[in-house]
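Open your viewer, set the chain to cartoon, and keep the selection box handy. We will walk from one stop to the next, and at each stop you can check what is there.

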Amino acid sequence: MSDATSDAALPIVYWRRMCGFCARLMAALEESGIEVEYRDIWDDPEAAAFVRSVNDGHETVPTVVLPDGRAVTNPPPDALIEYLAQPR
């Protein structure tokens, strides 16, 4: 799944249903107007495998792949939005 971390135009948010942290982050991103790609780890086995690969084998969500390819786990919504709003 290396293509998810290289030359991605949009941040990718890996999430799952019934995750309060995911819902909070997704609502904040929607309210901010920042466009992201969403991948549900319960519907996409490759997404789940990627999340495990960057979280010591755990399916910890939300996991976000930033435009520069770095993966961050459960970022504070305000800090993520501030970072993504910066000009690149």
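**Stop one: Tyr 14 and its partners**

Start by selecting Tyr 14 and Thr 63: Tyr 14 stands opposite Thr 63, which belongs to β3. Strands here are DSSP runs of E with at least two residues, helices are runs of H or I with at least four residues, and both are numbered from the N terminus. Before going further, please note that this is a predicted model, in which local features need pLDDT of at least 70 and side-chain atom pairs count only at pLDDT 80 or more, while totals for chains, interfaces and linings use all residues. Residues are numbered from 1 along each chain as its sequence is written, and side-chain values use heavy atoms, with hydrogens and water left out.

Now show β1 (12-15) together with β3 (63-65). β1 and β3 pair in the antiparallel sense, over 3 bridges; two strands count as paired if DSSP finds at least two bridges between them.

Next, add β2 (residues 37-40) to the selection. Which residue of β2 stands opposite Tyr 14? It is Arg 39. Val 13 has a bridge partner in β2 as well, namely Tyr 38. In total, β1 and β2 pair over 4 bridges, in the parallel sense. To follow the chain between these two strands, colour helix α1 (residues 20-32): the path leaves β1, passes through α1 and arrives at β2 as a right-handed β-α-β crossover. Right-handed means that, with the strands pointing away from you, the path from the first strand over the helix to the second runs clockwise.

**Stop two: the side chains of β1**

Turn on side chains for β1. Ile 12 and Tyr 14 point one way, Val 13 and Trp 15 point the other way, and all are buried. Buried means under 20% relative accessible area, exposed means over 50%, and partly exposed is in between, using a 1.4 Å probe and protein chains only. In a regular strand, side chains alternate between the two faces of the sheet.

**Stop three: Arg 39**

Go back to Arg 39 in β2 and show its side chain. Is Arg 39 buried or exposed? Arg 39 counts as buried because its relative accessible area is 19%. Its side chain makes a polar contact of 2.7 Å with the side chain of Glu 37. A polar contact is a pair of N or O atoms within 3.5 Å; within protein, one must be able to donate a hydrogen and the other to accept it, and residues adjacent in sequence count only if both atoms are side-chain atoms.

**Stop four: the segment before β1**

Select Pro 11, which lies in the segment before β1. Pro 11 is buried, with a relative accessible area of 5%. Leaving aside neighbours within four places in sequence, Pro 11 is in contact (heavy atoms within 4.5 Å) with several residues, including Val 36, Val 64 and Leu 84.

Ala 9 is in the segment before β1 too, but Ala 9 is exposed, at 71% relative accessible area. Try a distance from Ala 9 to Ala 23: they are 14 residues apart in sequence and 23 Å apart in space, C-alpha to C-alpha.

**Stop five: backbone oddities in the loops**

Select Met 18, in the loop between β1 and α1. Its phi is positive, about 65°, although Met 18 is not a glycine. Met 18 is also exposed, with a relative accessible area of 78%.

Move on to the loop between α2 and β3, where you will find Asp 56. Asp 56 has a positive phi near 50° and counts as exposed, at 74% relative accessibility. Pro 62 lies in the loop between α2 and β3 as well, and the peptide bond from Val 61 to Pro 62 is cis, with omega near 0°. Most residues other than glycine have a negative phi, and most peptide bonds are trans.

**Last stop: the whole chain**

Zoom out to see 3 helices and 4 strands. From the N terminus, the elements run β-α-β-α-β-β-α. Buried residues make up 38% of the 88 residues. The C-alpha atoms fill a box of roughly 30 × 30 × 20 Å along the principal axes.
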